[in-house]
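Here's a quick walk through this model, starting from one residue and working outwards. Have the viewer open while you read.

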Amino acid sequence: MRRALLQARSAAEAGEVPVGAVVVADGVLAAEAFNRPRALNDPTAHAEVLALRAAARRLGHWWLNGATLYVTLEPCAMCAGAVVLARVDRLVYAAPDPKAGMAGSLACLPQDSRLNHRVAITAGVLADEAGALLKDFFRARR
């Protein structure tokens, strides 16, 4: 999660919402990314999606069985869906997102029994640090 927080700080420095993500597969760093929707003019360029894409390219397969995704903010519906479709084994996130979070706050897409894959979730890892980074970012924008 510390590495994901470094990515989130990079996002803030780039003027993006400070969210960072890291994919670890079989104990090895497979990919890391930060939010880039503004820079890439792409609404899907969330840290989680960029990290999953990079990990799939590096590992040579879009199924990320055995992988853990670390992210500094609870994933939105798009990102939670991508985690399921990538067949990530475990999702670890820092701060909850009560307005858009789909891994426990509004719903829990990664563990929905109607889907063909379920993801183990650990929430709240370094939540205070990630939450402070987000609050500081938005406070500076107001």
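Let's start at Ala95, which sits in strand E4 (residues 90–95). Keep in mind that this is a predicted model. Is Ala95 buried or exposed? Ala95 has a relative accessible area of 5%, and the cut-off for buried is under 20%, so Ala95 counts as buried. Leaving out neighbours within four places in sequence, Ala95 is in contact with Thr72, Leu73 and Glu74, and also with Ala127, Ala130, Gly131 and Leu134. As for Arg38, it is 57 residues from Ala95 in sequence, with 22 Å between the two C-alpha atoms.

One of those contacts deserves its own look: Glu74. You'll find Glu74 in the loop that links strand E3 (67–73) to helix H4 (77–85). Which side chain of opposite charge is nearest to Glu74? That would be Lys99, but Lys99 is 13 Å away, and Glu74 is buried with no salt bridge. What the Glu74 side chain does reach is the backbone nitrogen of Gly104, at 3.0 Å. Setting aside residues up to four places away in sequence, Glu74 touches Tyr93, Ala95, Pro96 and Asp97, plus the run Gly101, Met102, Ala103, Gly104 and Ser105.

Here are the distances mentioned so far, side by side.

| Pair | Distance |
|---|---|
| Ala95 and Arg38, C-alpha to C-alpha | 22 Å |
| Glu74 and Lys99, nearest side chain of opposite charge | 13 Å |
| Glu74 side chain and Gly104 backbone nitrogen | 3.0 Å |

Past the Glu74 loop comes helix H4. Its buried residues are Cys79, Ala80, Gly81, Val83 and Val84. Helix H3 (47–59) and E3 are among the elements that cover them. After H4 comes Arg87, which has a positive phi, near 60°.

Now zoom out to the whole chain. The protein chain has five helices and five strands, and read from the N terminus the order is α-β-β-α-α-β-α-β-β-α. How does the radius of gyration compare with that of a compact globule? For 142 residues such a globule would come out near 14 Å, and the protein chain has 14 Å, so the two agree. Along the principal axes, the C-alpha atoms fill a box of roughly 40 × 30 × 25 Å.

On the packing side, 46% of the 142 residues count as buried. Of the contacts with a separation of 6 or more, 56% come from residues 24 or more positions apart. The exposed area of the protein chain is about 7300 Å², with carbon and sulfur atoms supplying 54% of it.

Note on methods:
Residues are numbered from 1 along each chain as its sequence is written. This is a predicted model: local features need pLDDT of at least 70, side-chain atom pairs count only at pLDDT 80 or more; totals for chains, interfaces and linings use all residues. Side-chain values use heavy atoms; hydrogens and water are left out. Helices (H or I, at least four residues) and strands (E, at least two) are DSSP runs, numbered from the N terminus. Buried means under 20% relative accessible area, exposed over 50%, partly exposed in between (1.4 Å probe, protein chains only). Lys and Arg count as positive and Asp and Glu as negative; His and the chain ends are not counted. A salt bridge is a side-chain nitrogen of Lys or Arg within 4 Å of a carboxyl oxygen of Asp or Glu. A polar contact is a pair of N or O atoms within 3.5 Å; within protein, one must be able to donate a hydrogen and the other to accept it, and residues adjacent in sequence count only if both atoms are side-chain atoms. Contact means heavy atoms within 4.5 Å. The radius of gyration is taken over C-alpha atoms; the globule rule is 2.2 Å times the number of residues to the power 0.38. Accessible areas come from the Shrake-Rupley method with a 1.4 Å probe; for residues, only the protein chains shown count as cover.
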